[in-house]
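Student: I have a structure to look at and several words I do not trust yet. Could we go through what each word rests on?

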Amino acid sequence: MSFLVGGCSLFDGPQSFVRPYGPVADRQYYLFMITCWVTLFIFVVVTGVMMYAVLRFRVKEGEPEGELPPQVHGNAIIEGGLGVAAALLLLIIAVPTVQVIFWQDTVPNDYAQAGVAALSQATASPSASGAPSPAPSGEASSAPAAGATPGVLELVVTGHQWWWQFDFPDLGVTTADEFHIPVGVPIDIKLHSKDVIHSFWVPSLAGKTDVIPGQENHMWFEASKPGEYYGHCTEFCGGSHALMRFRCIADTPADFAKWLAHEKSDVADATTLEQMPGYKIFVDQCARCHTVGGTDAMGTQCPNLTHLKERKMFAGEAFPDDDKDLHEWIHDPPEMKPGEGITTHDPQGETAEIGMPDLHLSDDQINEVVQFLDKLQ
Amino acid sequence: MSVAVEHAGGVPKENPYAGGLWSWLTTVDHKRIGILYGVSALFFLMVGGIEALLIRIQLAVPENTFIGGEMFNQLFTMHGTTMIFLAIMPMGAAFFNFIIPLQIGARDVAFPRLNAFSYWMFLAGAIFINISWFTGEAPNGGWFGYANNTEKLYNPGHGVDFWIFGLQILGVASLVAALNFLTTIINMRAPGMTMMRLPVFTWMTLVTSFLIILAFPVITIALAELMMDRFFGTNFFIEAKGGLPIVWQHLFWVFGHPEVYILILPAMGIVSEVLPVFSKKPLFGYPVIVFSGVAIGFLGFTVWSHHMFTTGLGAIANAAFALTTMTIAIPTGVKIFNWVGTMWGGKIHLRAPMMYAVGFIAMFMMGGLGGIMHASPPSDAQQQDTYFIVGHIHYVLIGGSLMALLAGIHYWFPKITGRMYNEVRAKVGFWLLFVGLNLLAIPMHLLGVDGMPRRIFTYADGMGWNGLNMAATIGAFTIAIAVALTLHNLGSALRKGEVAGNDPWDGRTLEWMLPSPPPVYNFEKIPVVHHLDDFWYQKHPDLAHGEAAASEEAAHEEHGEHEDHIHMPPPSYWPLVSSIGVFVGALLMVFAEHKAFALIGVVILIFGVLGWAFEDVGPLHEWGTTKIENRKMMMWAFLGSDCMFFGALISTYLIYHGKSLVGPFPKETFNITTTSQSSFILLMSSLMMVLTLGAIKAGKMPAFRIYCFLTALFGCIFLGYQYYEFSHFSRYWLFRDNVPVQTGADLKLYQWLDKEPEALAEALRGHSEDATNTDALKGVPGVDDYTKFLTDNPDVKANLATTSGKDSLKEYHKPLWLATNLYGSTFFTLTGTHGCHVAIGVIWLLTLLIGSFKTSGHNPIKPDETGCLTVEVAGLYWHFVDIVWIVIFTVVYLLEYIG
């Protein structure tokens, strides 16, 4: 199939892993192509010989039987030789495999050093670069915290049933389902799970690493080109595994700095928002789990909604971020995503609340909440 | 009652399959059981196929709402489980049953009734797991059932329970069958049938049996631990209590990867039979093919973590498992080269079985080469859990296993039924399957490259997946048509097919010298084998390479010559009764409000087993090829299996050692003196067992009875100690800090606190929060003991006084049980399982003791060869259980006191 991969539009989908846009995905693609060519070679040669044998030595039905063919029982040299040949072909795969395994294990120094300049530009205060400055957000420092590797940006990914939480601890930013990274900066990723096993995968940037409760996993990637890269949970994680998507948006350092400043800010014009009828419902019903920065809603179990409308989709990138879908979602989450909104018990008496519950709001109430959410730019 | 068969010679006069439903329910004939397996497997192939079609309809177009997400999750779970455990594995078992005894020149398997039990257990498990559809809650955690997604907290329905118990029942069926076939193949061979003259299919069945025996105990333990978590609140995979979900994955794949070879090795065996026959040439490199199969089986246990490359095992582990995985490609490749070598220079007859065999090689290569692609962890990180893997597994299981099994069906159908199918329709079926498979699996690979994750019930438009998914759906329907056509062709051949004759293919192995279908007793006279492919050389004596030595000839002379009557085992319904017991027990376990109702099933099972044990089956089995009696050989194989069983349990204990988040910890609950005493007594019971066997061998029955009784008694004493440990000193930490506090008063207090914590809490609420203020507790039952305890233990009193009394008191006296912490879960499960083994041993010894008093009836224990052997087999088990205890005593107890 490898001959197809090169220029075929078949693989131009947004989640294709043969369209790498970063050094890790590049090397994995390169290994993939080696395995493609080696196995294709074996397949063509062996099936070729076999088909030749079948056609050449075939006896047509009804032909006279004739004598028996030579009764050959084996040939040690041929058998041994082919075994050795198979082993040698495997070495072509094995050697670069081991090299890449160790190369991709941690961020290589040269990538970290190369990232220093881009990272400082990406985390610089936007006012310094002349960009309009949104409301400042208190004490969060724009410089990476001490102890972090210079030139490497740390990202903590937390898997939930069925959405993703993204924290940049050095930048003081928490978001959900969509996150931005600066191009040219290695992103060092720590993976946590709040419930079951998930798997974090952005094919254009890197292969997946599982997100396992009680175990901190690591991976890293870097984007070499600005763009929107799709990701998906790739470990079956229950009812709505199919709707646990996410998106990584790689920006130029300057664009990232703008996003960062906006993301760090609280919601604009909190006092006006607090007058909205939807706000009260939101604080009563939603604030236990959700945060809207600058208001009384400070729950942390569920997606941070401060800049909800800045994202394109919501609820694990399952639905477009428009009024109609938000309304339907709040109206009946389990209908929209199987498995949402149930409370379970285990034999030890532990309970778990999975996903977004049906809050039993009236249509009018939902409309008011949606109007409020519309303001969360 | 034994069936006496007259020496008639030639073709059987009557249909060997004659008889009504009852004759099938009670059959112990390996051929009938093979047919039952085959028909059931084809039925479940259709069930799994329908599930597949529903899945493919749902995925044909984006954002489809044909079936909901929940139904989809149930369907893919059941599709995988059904195809692997209920279709491919039993179809292999069908051929093991029907063909193996014929190929090795035997009249039946080593244990005919056990064989029937395997089938009925398989059917019980299959029905059990499918009953879940009618409750609306089919299993929905995937065929791999990854914890903690399958824990009660995340999967509260009954589906996973059905899956757990269903797989356990199926596991017993597979394990018992594997023990049976291992014994049969090693021990029931005809004279002259040396191991290196065994047909390759028989060889691969032997390797498969070893794999089942060593791999299934591990999944048994994993499932048992998950069941304990779900039903009894243990903490094996509960992250909040320190459990590690990754442990499930290790246990599952230590089973799961050998399982892949359990599915493919019989297929390789079938193809190795078909290719030489239709090429008119011997298999190219027979010894290499055999040893490659053995090597694949062995290496199959060293690669499980390649299913876990993305779980964060670390670079070194990933590199190591990548290399072992690639190593497996070498013996696999060698097999493929030798198959091609077999065809090369032959006279190839492209009949239906041969087309399937050639198709198998090509399609299995697609699967196998895909396997090499994801043997590279960095590359696999992109492929893992995408449709790339789904395409791979379907090449392996349809292109590999199913194609080879269809080759086998078309190859042996005339032997099994006596009739021939329509060749043209069979070939059309092949081509449809071939096209359908590629139309399914190539798009699946491309979808994987395009980033489509597996196990998703819907996908967004605009991902570039639409056309490929539609193509895969069309491929799936093509496969369905192919299977339907093939089954129709075979079905109509049953009625209208031409009479096939004994040897329609010019076969090479012993089964082709028999009538089609073979008579009940298979071989009128047990053949004497001189060659690999012996039947071929009977037909072509001029080709025989090397004459059989005269001495070998003479040695075989006496065999089979002096048989006036052929004794076939009589039918029995006890295997069916026993499996019904298991089925009922499992059903009650899932549904009954009180789990103790499940004991009803156990009672039925015991009833069945006892009926079985005391049934008259006529003369006992002959001594086998190896001069080791069948039962003894099977016991050794079972002990190997049991090693893996305890290995998995002890591994779990060690992995979780020191990982408990709350106390008590092992040393606080141990009393090494007490346990040393009980260990010593158990060891002495082994000595008694040796004396028991010595006595019966010397013919001293009174001494035998005394020693046998003492062995059982020592076992009981050990169990008594264990009971005391479970109910007293471990439970109440009576030896905390290794200071015995086991005065009667203290114990009473602990028990009171354990049973009536509410009474204490109530008393404290009513009077004072201070648990040391015993004045306030006046009138509460047992408080005098409590007062005395505090007086005797001023440090405890001081400790209690400084903290919130009530909680601290409860904490201090918290009894240890399964749910307390990881230590409680692993300790009681491990030692309790061992205790069950001892208890079974005691019951076994007592039946021997009772049997020795019998003067008439069936199977009395007498100082003859049979009696000695019966005792020896029990002794093997007993010694093994003792050895396991030495390991447990060392690992669990003694290691606590080192360093």
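Tutor: Start with B:Gln168, which touches B:Thr220, B:Leu223 and B:Ala224 when residues up to four places away in sequence are not counted. The model is predicted, so local features need pLDDT of at least 70 and side-chain atom pairs count only at pLDDT 80 or more, while totals for chains, interfaces and linings use all residues. Residues are numbered from 1 along each chain as its sequence is written, chains are lettered from A and ligands numbered from 1 in the order in which they are written, and side-chain values use heavy atoms, with hydrogens and water left out.

Student: What makes a pair of residues count as touching, or in contact?

Tutor: Contact means heavy atoms within 4.5 Å. On that basis B:Val290 touches B:Trp203 and B:Met204, again leaving out residues up to four places away in sequence.

Student: Why is B:Gln168 called buried or exposed?

Tutor: Buried means under 20% relative accessible area, exposed over 50%, and partly exposed in between (1.4 Å probe, protein chains only). B:Gln168 has a relative accessible area of 18%, so B:Gln168 is buried. B:Val290 is at 0% relative accessibility and therefore counts as buried.

Student: Why is A:Leu91 not put in that class?

Tutor: A:Leu91 is at 46% relative accessibility, so A:Leu91 counts as partly exposed. A:Lys258, at 44%, counts as partly exposed because of the cut-offs on relative accessibility.

Student: Which helices hold these residues, and what makes a stretch a helix?

Tutor: Helices (H or I, at least four residues) and strands (E, at least two) are DSSP runs, numbered from the N terminus. In chain A, A:Leu91 is found in helix H3, residues 76-103, and A:Lys258 in helix H5, residues 253-264. In chain B, B:Gln168 lies in helix H5, residues 159-187, and B:Val290 in helix H8, residues 286-299.

Student: How many helices and strands does chain A have?

Tutor: Chain A has 10 helices and 14 strands. Its radius of gyration, taken over C-alpha atoms, is 27 Å, and the globule rule (2.2 Å times the number of residues to the power 0.38) gives 21 Å for 377 residues, so chain A is more spread out than a compact globule. Its C-alpha trace spans about 100 × 50 × 45 Å along the principal axes. Chain B has 29 helices and two strands.

Student: How far apart in space are A:Lys258 and A:Thr123?

Tutor: A:Lys258 and A:Thr123 are 9.1 Å apart, C-alpha to C-alpha, with their positions 135 residues apart in sequence. For A:Leu91 and A:Asp188, 97 residues apart along the chain, the C-alpha separation is 31 Å.

Student: What share of each chain is buried?

Tutor: Buried residues make up 55% of the 377 residues in chain A and 65% of the 899 residues in chain B.

Student: How do you know how much area is buried between chain B and chain A?

Tutor: Buried area is the accessible area (1.4 Å probe) that two parts lose on being put together, summed over both. Between chain B and chain A it is about 8300 Å², of which carbon and sulfur atoms give 70%. B:Leu153, B:Gln382 and B:Val449 supply 9% of the area that chain B buries against chain A, more than any other three residues. The contact takes 108 residues from chain B and 98 residues from chain A.
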